[in-house]
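Q: Please take a close look at one part of this structure, and then set it within its surroundings. A connected account for a reader new to the subject would be welcome.

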Amino acid sequence: MFAGTYCTGYGLTEPTANCSGGYYCPGGQNTSTPVEYQCTPGHYCPIGSDAEVSCPSGEYQDEFTQVSFFYCLLLNIERVHNLLTTSTSFVGQRTHTLQF
C-alpha cells in the first residue's frame, strides 16, 4: 500500500483512495479517517498525507484534524485582532479603545 492512501479490502492492486484531509495514513490503513492518525494541534494534514505537517515557524493552531496551514495563520490573526481591539491608549485624561 502507498503511504497517504488507504485500502478497504485485502488483495487490492491499487489503493482505494487518498487519506482524508485532517488525517494521515502512514500505510496499512483501511479507512480514510483513522482515528489514531488524526492531525494534532500544531499540525495540519492535507488530503493524502502520510504524516503530520508542522505549522510554519512562529505560527500555531490548537485544533485537531486541520487540513491547511491557513488555520495556523488564522489563529494568530485572531489573537492579534483580539489584542488590538482590547488594547487601550491613554491620551491626556481620555481612554480610547481601538476599533477595527
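A: Ser49 is buried, at a relative accessible area of 8%; buried stands for under 20% relative accessible area, exposed for over 50%, and partly exposed for what lies in between, using a 1.4 Å probe and protein chains only. The model is predicted, so local features need pLDDT of at least 70 and side-chain atom pairs count only at pLDDT 80 or more, while totals for chains, interfaces and linings use all residues. Residues are numbered from 1 along each chain as its sequence is written, and side-chain values use heavy atoms, with hydrogens and water left out.

Ser49 sits in the loop between β3 (43–44) and β4 (53–54). Helices (H or I, at least four residues) and strands (E, at least two) are DSSP runs, numbered from the N terminus. A polar atom of the Ser49 side chain lies 2.6 Å from the backbone oxygen of Pro46. This is a polar contact, that is, a pair of N or O atoms within 3.5 Å; within protein, one must be able to donate a hydrogen and the other to accept it, and residues adjacent in sequence count only if both atoms are side-chain atoms. When neighbours within four places in sequence are left aside, Ser49 is in contact with Gly4, Cys19, Tyr23, Tyr24 and Cys25, where contact means heavy atoms within 4.5 Å.

One of these partners, Cys25, belongs to the loop between β2 and β3. Cys25 is buried, because its relative accessibility is 0%. Apart from neighbours within four places in sequence, Cys25 is in contact with Ala3, Gly4, Thr5, Cys19, Thr31, Pro34, Ser49 and Asp50. Gly4 and Cys19 therefore appear among the contacts of Ser49 and also among those of Cys25, contact being judged by distance between heavy atoms. Between the C-alpha atoms of Cys25 and Cys45 the distance is 9.9 Å, with 20 residues separating them in sequence.

Tyr23 and Tyr24, two further partners of Ser49, lead to Cys39. Not counting residues up to four places away in sequence, Cys39 touches Gly22, Tyr23, Tyr24, Tyr44, Cys45, Glu52, Phe64, Thr65 and Gln66. Cys39 is located in the loop between β2 and β3 and is buried, with a relative accessible area of 0%. From Cys39 to Ser54, 15 residues apart in sequence, the C-alpha distance is 9.7 Å.

Gly42 is also placed in the loop between β2 and β3, and it is buried at 10% relative accessibility. Beyond residues up to four places away in sequence, Gly42 touches Val53, Ser54, Cys55, Tyr60 and Gln61. Its C-alpha atom is 9.2 Å from that of Gln66, which comes 24 residues apart along the chain.

Gln61, among the residues touched by Gly42, lies in the loop between β4 and α1. Gln61 is buried at 2% relative accessibility, and its side chain reaches the backbone oxygen of His43 at 2.7 Å.

Thr65, one of the residues touched by Cys39, is found in the loop between β4 and α1. At 29% relative accessible area, Thr65 is partly exposed. The phi of Thr65 is near 60 degrees, a positive value in a residue other than glycine. Most residues other than glycine have a negative phi, and most peptide bonds are trans.

Val67 lies in the loop between β4 and α1 (70–86) and is partly exposed at 35% relative accessibility. Together with Phe70 and Tyr71, Val67 forms a nonpolar surface patch of about 260 Å² of accessible area. Patches are made of residues with over 30% relative accessible area and no salt bridge, like charges being joined within 9 Å and nonpolar side chains (Val, Leu, Ile, Met, Phe, Trp, Tyr) within 5 Å; a salt bridge is a side-chain nitrogen of Lys or Arg within 4 Å of a carboxyl oxygen of Asp or Glu. Accessible areas come from the Shrake-Rupley method with a 1.4 Å probe, and for residues only the protein chains shown count as cover.

In the wider setting, the protein chain has one helix and six strands, in the order β-β-β-β-α-β-β from the N terminus. Of its 100 residues, 23% count as buried. The average pLDDT, the predictor's confidence in each residue from 0 to 100, is 82 for the chain, and 74% of the residues score at least 70. Confidence is highest in strand β2 (residues 17–18), at a mean of 96, and lowest in strand β6 (residues 94–97), at 47.
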